[in-house]
Amino acid sequence: MQSNNSTKPIRRVVNIAEALSKLGTIPQVLAQKDVIDQVRTTEFWETASLADLEKVRVAMRD
């Protein structure tokens, strides 16, 4: 996560989260609003642990 190779996957997740945030009328999106908002921030990616990334993966996979 600390190498330059991580920026592309991180950007992809952020782009997906930004797209999902525009779909706020869908119940599944509303249920994960906190996670979606969190991954859109730079602060999340600066301090994210493996457990945090797993939480995001599980929340956003559906």
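# Charged surface and nonpolar core in a five-helix chain

Asp 37 counts as partly exposed, because its relative accessibility of 28% falls in the range between the limits of 20% for buried and 50% for exposed. Asp 37 belongs to a predicted model, in which the protein chain has 5 helices and 0 strands. The points below move from the charged pairs around Asp 37 to the nonpolar core, the aromatic pair and the overall form of the chain.

**Salt bridges**

- The structure holds 4 salt bridges, and one of them joins the side chains of Asp 37 and Arg 40, with a distance of 3.7 Å from N to O.
- Asp 37 and Arg 40 are also part of a network of salt bridges that takes in Lys 33.
- Another salt bridge brings together the side chains of Arg 11 and Glu 18 at 3.9 Å, N to O; Arg 11 is partly exposed, with a relative accessible area of 44%, and Glu 18 is likewise classed as partly exposed, at 28%.
- In the salt bridge between Arg 57 and Glu 54, the closest N and O atoms are 2.7 Å apart; these two residues lie 3 residues apart in helix α5, so about one helical turn separates them.
- Both partners of that bridge are partly exposed, Arg 57 with a relative accessible area of 45% and Glu 54 with a relative accessibility of 38%.
- As general background, side chains of opposite charge can pair when their charged atoms come close.

**Arg 40 and its surroundings**

- Arg 40 is located in the loop between α3 and α4, and its relative accessibility of 37% makes it partly exposed.
- Beyond its neighbours within four places in sequence, Arg 40 is in contact with Ala 17, Glu 18 and Ser 21.
- Although Arg 40 and Ser 21 are 19 residues apart in sequence, their C-alpha atoms are 9.4 Å apart in space.

**Nonpolar core**

- The largest nonpolar core has 11 residues, among them Ile 10, Val 14, Ala 17, Val 29, Val 35, Ile 36 and Val 56; the elements giving two or more residues to this core are α1 (7-21), α3 (33-39), α4 (42-47) and α5 (50-60).
- Val 35, a residue of helix α3, counts as buried because its relative accessibility is 7%, where the limit is under 20%.
- With neighbours within four places in sequence left aside, Val 35 is in contact with Lys 55, Val 56, Ala 59 and Met 60, whereas Ile 36 is in contact with Ala 17, Leu 20, Ser 21 and Val 29.
- The C-alpha atoms of Val 35 and Leu 20, which are 15 residues apart along the chain, are separated by 11 Å.
- In soluble globular proteins, nonpolar side chains tend to be buried together.

**Aromatic pair**

- A search of the whole structure finds 1 aromatic pair, formed edge-to-face by Phe 44 and Trp 45, with 5.0 Å from centre to centre and 85° between the planes.
- Phe 44 and Trp 45 are both buried, and both are listed in the largest nonpolar core.

**Overall form**

- The radius of gyration of the protein chain is 12 Å, which agrees with the value near 11 Å for a compact globule of 62 residues, and the C-alpha atoms fill a box of roughly 35 × 20 × 20 Å along the principal axes.
- Of the 62 residues, 19% count as buried, while the accessible surface comes to about 4,900 Å², of which 53% belongs to carbon and sulfur atoms.
- Among contacts between residues at least 6 apart in sequence, 36% join residues at least 24 apart.

Technical notes
Residues numbered from 1 in each chain as written. Predicted model: local features only at pLDDT ≥ 70, side-chain atom pairs only at ≥ 80, totals over all residues. Heavy atoms only, no water. Core = buried A, V, L, I, M, F, W, Y, C linked by side-chain atoms within 4.5 Å. Buried < 20%, exposed > 50% of the residue type's maximum accessible area, 1.4 Å probe, protein only. Helix = DSSP H or I, 4+ residues; strand = E, 2+ residues; numbered from the N terminus. Contact = heavy atoms within 4.5 Å. Phe/Tyr/Trp six-rings, centres within 6.5 Å; stacked < 30°, edge-to-face > 60°. Rg over C-alpha atoms; globule rule 2.2 N^0.38 Å. Areas by Shrake-Rupley, 256 points an atom, 1.4 Å probe, with all protein chains shown as cover.
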